[in-house]
Amino acid sequence: MKRFWDRAEALPSAEGFAVQLDGRPLRLPGSGPLLLPSLPLAEAVAEEWQVAGGAKGGEMTMEQVPLTRVVATGLERIAADPGASVTALAEYGGTDLLCYHAADEPRLAGRQAREWQPLLDWAALALDAPLKVTTGIMPVAQPPESLAALRRALAARNALELAALGVAIPALGSLVLGLAMAEGRLDAAEACRLAFLDEAFQQERWGEDAEALARQDGVVKDVALAARLLALARG
């Protein structure tokens with residue numbers, strides 16, 4: 001669409017913080033006003049719209065406002081039914097990346113155990129969710145009480161945090177890494193490094209693969225966006 005505004009700015013309102021485009025409120029896809037819980041988050045959304053399209057009359061797409069898109073998902077879809085998002089994200093606890101170590105590569109398996117076990121220990125102690133570890137790709141059944149604890153940890157998050165985790169957890173393939181980010185135990189770069197142990201090992205052994213690097217770049221961008229929203233959602 002064509003950019004029709006000169007200035008995007010964040011302003012306080014009676015119900016939170018709004019973003020205005022030349023004095024007109026930015027609205028959600030369902031036409032309700034976009035109201036945010038913190039000024040830093042509203043300013044970040046306004047910054048996206050100030051840059052999008054370059055200048056008045058320029059062409060802009062929603063790809064240029066990724067934070068806005070995730071925020072809108074949280075406010076319009078997840079807030080109305082957080083249970084659905086909690087259920088979908090909790091499924092990753094049963095197949096968490098950190099629980100599946102290499103079967104035929106002892107050096108990689110050793111690296112995975114060394115790097116991943118501290119996060120699994122954290123999940124067991126901080127979230128009351130001990131998880132079983134296996135080798136290879138055959139599924140391992142996780143304790144139902146641990147899966148319930150992970151679900152409770154998700155249910156304690158607000159709609160914007162769930163929206164952020166809805167980006168990060170699928171990208172990383174790990175509910176534990178996503179929750180560690182939400183708790184501030186990991187930043188986006190470290191979460192991605194841990195998720196890419198297998199890829200890094202293969203690159204060391206066989207060299208870089210352009211397609212694999214492109215996929216990793218997409219994950220890095222998604223996880224960085226999620227981490228930014230998690231930080232801004234906390235105010």
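Which helices are included in what covers the buried residues of helix 8? Before getting to that, a few ground rules. The model is a predicted one, so local features are taken at pLDDT of at least 70 and side-chain atom pairs at pLDDT 80 or more, while totals for chains, interfaces and linings use all residues. Residues are numbered from 1 along each chain as its sequence is written, and side-chain values rest on heavy atoms, with hydrogens and water left out.

The protein has ten helices and six strands. Both are DSSP runs numbered from the N terminus, with helices being H or I of at least four residues and strands E of at least two. The C-alpha atoms fill a box of roughly 60 × 40 × 25 Å along the principal axes. Of the 235 residues, 44% are buried. Here buried stands for under 20% relative accessible area, exposed for over 50%, and partly exposed for anything in between, using a 1.4 Å probe and protein chains only. About 11,700 Å² of the protein is exposed, and carbon and sulfur atoms supply 56% of that area; the areas come from the Shrake-Rupley method with a 1.4 Å probe, and for residues only the protein chains shown count as cover.

Contacts (heavy atoms within 4.5 Å) reach well along the chain: among those between residues at least 6 apart in sequence, 61% join residues at least 24 apart. As for charge, the protein carries 22 positive and 31 negative charges, and their mean positions lie 2 Å apart. Lys and Arg count as positive and Asp and Glu as negative, with His and the chain ends not counted; each charge is placed at NZ of Lys, CZ of Arg, CG of Asp or CD of Glu.

Back to helix 8, which spans residues 188–195 and has Ala 188, Ala 191, Cys 192, Leu 194 and Ala 195 buried. Viewed down the helix axis, these buried residues fall within an arc of 160°, so they line one face of helix 8. The arc is that of the directions from the helix axis to the C-beta atoms. The cover over these residues includes helix 4 (106–126), helix 6 (159–172), helix 7 (175–182), helix 9 (197–206) and helix 10 (210–233).

Two of those covering elements, helix 6 and helix 7, bring up a database annotation. The unreviewed UniProt entry places a "transmembrane region" at residues 159–182. UniProt positions are given in the numbering used here, feature names are shortened, and annotations may be inferred rather than shown by experiment. In the model, residues 159–182 are 92% helix and 0% strand, and the C-alpha atoms at the two ends are 13 Å apart. Ser 174 sits in the loop between helix 6 and helix 7 and is buried, at 0% relative accessible area. Leaving out residues up to four places away in sequence, Ser 174 touches Asp 96, Leu 97, Leu 98 and Ile 169. Its C-alpha atom is 31 Å from that of Gly 30, with the two positions 144 residues apart along the chain.

Helix 10 supplies two more buried residues. Leu 229 belongs to helix 10 and has 0% relative accessibility, which counts as buried. Setting aside residues up to four places away, Leu 229 is in touch with Leu 41, Leu 67, Val 70, Val 71, Leu 160 and Ala 164. The last of these, Ala 164, is 65 residues from Leu 229 along the chain, yet their C-alpha atoms are separated by 6.1 Å. Gln 216 is also placed in helix 10 and is buried at a relative accessible area of 12%. Apart from neighbours within four places in sequence, Gln 216 contacts Phe 196, Glu 199 and Gln 203.

Elsewhere, some residues are less covered. Val 51 lies in helix 1 (residues 39–51) and is exposed, with 59% relative accessible area; its C-alpha atom is 21 Å from that of Ala 231, 180 residues away along the chain. Ala 55, in the loop between helix 1 and helix 2 (66–78), is partly exposed at 43%. Ala 55 and Lys 2 are 53 residues apart in sequence and 9.5 Å apart C-alpha to C-alpha.

Two aspartates have a positive phi without being glycine. Asp 22 has phi near 50° and lies in the loop between strand 2 (16–21) and strand 3 (24–25), partly exposed at 33% relative accessibility. Asp 128, with phi of about 60°, is in the loop between helix 4 and strand 6 (134–135) and is exposed at 52%.
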